[in-house]
Structures are given as C-alpha cells and as structure tokens.
Amino acid sequence: MSEAANRILVVEDQRLIAADIENTLKKLGYVVVANVSSGEDAVSASEGLRPGLVLMDVRLSGEMDGIQAA
C-alpha cells in the first residue's frame with residue numbers, strides 16, 4: 001500500500017465512535033491524519049492534509065452535513 005493511500009481522515013461528530021474508528025484504523029496499520037467533527041473542518045482538513053481516504057459520517061451536526069462536505 002502506498003504511503004498516500006495509508007493516510008485516512010476521520011469525520012465523525014460522536015466522539016466515542018470517532019475514537020473507536022481511529023483506534024481500529026491504527027491497529028490495522030493506517031495513519032489517521034486527523035479526526036474532525038464537522039463538514040467545514042473536513043473540507044479544510046482535506047485540502048491541507050491530502051488524505052488518501054476520507055471516512056465520513058453523512059449525518060453531521062452543524063450547517064454542513066457529510067454529503068455537502070463530500
């Protein structure tokens with residue numbers, strides 16, 4: 001697996017679920033580049049961190065949901 005494909009951004013507004021996803025990914029050998037809780041933060045983090053994959057909840061609280069962010 002390439003280094004870029006190994007980098008994952010987690011977008012989840014429920015902190016316990018986000019922490020569980022992050023821990024599981026790390027155990028599987030992935031690099032979690034960030035763990036954010038809003039659509040706005042997801043867009044910003046994606047632009048700056050350039051992850052290979054974004055795991056995003058589609059029902060995020062706030063003004064921008066996961067579908068809009070994608």
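**Exercise 1. Determine how many helices and strands the protein chain has, and in what order they run.**

Solution. The protein chain of this predicted model holds 3 helices and 3 strands, where helices (H or I, at least four residues) and strands (E, at least two) are DSSP runs numbered from the N terminus. Read from the N terminus on, these elements follow the order β-α-β-α-β-α. The radius of gyration of the protein chain is 11 Å, close to the 11 Å that the globule rule gives for 70 residues, so the chain is as compact as a globular protein of that length; here the radius is taken over C-alpha atoms, and the globule rule is 2.2 Å times the number of residues to the power 0.38.

Before going on, note that residues are numbered from 1 along each chain as its sequence is written, and that side-chain values use heavy atoms, with hydrogens and water left out. Because the model is predicted, local features need pLDDT of at least 70 and side-chain atom pairs count only at pLDDT 80 or more, while totals for chains, interfaces and linings use all residues.

**Exercise 2. Describe the protein chain as a whole through its box, its buried share, its contacts and its charges.**

Solution. Begin with the extent: along the principal axes, the C-alpha atoms fill a box of roughly 35 × 25 × 15 Å. Next comes burial, for which buried means under 20% relative accessible area, exposed over 50%, and partly exposed in between (1.4 Å probe, protein chains only); buried residues make up 30% of the 70 residues. Then take the contacts, meaning heavy atoms within 4.5 Å: of those with a separation of 6 or more, 60% are between residues 24 or more positions apart. Finally, the mean positions of the 6 positive and 11 negative charges lie 8 Å apart, with Lys and Arg counted as positive, Asp and Glu as negative, and His and the chain ends not counted. Each charge is placed at NZ of Lys, CZ of Arg, CG of Asp or CD of Glu.

**Exercise 3. Locate Glu 12 and Ser 38, decide whether each is buried or exposed, and list what they contact.**

Solution. Glu 12 sits in the loop between β1 (7–11) and α1 (15–27), and with a relative accessible area of 8% it is buried. Leaving aside neighbours within four places in sequence, Glu 12 is in contact with Ile 17, Ala 18, Val 36, Ser 37, Asp 57 and Leu 60.

Ser 38 belongs to the loop between β2 (31–36) and α2 (39–49), and its relative accessible area of 14% makes Ser 38 buried. With neighbours within four places in sequence again left aside, Ser 38 is in contact with Val 11 and Leu 60. The side chain of Ser 38 also reaches the backbone nitrogen of Asp 41 at 3.1 Å.

**Exercise 4. Find the side chains that polar contacts join to Glu 22, and say where Glu 22 is placed.**

Solution. Glu 22 is part of helix α1 and, at 17% relative accessibility, counts as buried. A polar contact is a pair of N or O atoms within 3.5 Å; within protein, one must be able to donate a hydrogen and the other to accept it, and residues adjacent in sequence count only if both atoms are side-chain atoms. One such contact, of 2.9 Å, joins the side chains of Glu 22 and Lys 26, and another, of 2.8 Å, joins those of Glu 22 and Asn 35. Not counting residues up to four places away in sequence, Glu 22 touches Val 32 and Asn 35.

**Exercise 5. Sort Lys 27, Tyr 30, Arg 50 and Ala 69 by accessibility and give the place of each.**

Solution. Lys 27 lies in helix α1 and is exposed, with a relative accessible area of 75%. Tyr 30, in the loop between α1 and β2, is partly exposed at 27%; from Tyr 30 to Ile 8 the C-alpha distance is 7.1 Å, although they are 22 residues apart in sequence. Arg 50 is found in the loop between α2 and β3 (53–56) and counts as exposed at 63% relative accessibility; Arg 50 is not a glycine, yet has a positive phi of about 50 degrees. Ala 69 belongs to helix α3 (residues 66–69) and counts as buried at 17% relative accessibility, and, not counting residues up to four places away in sequence, Ala 69 touches Gly 39, Val 43, Met 56 and Met 64.
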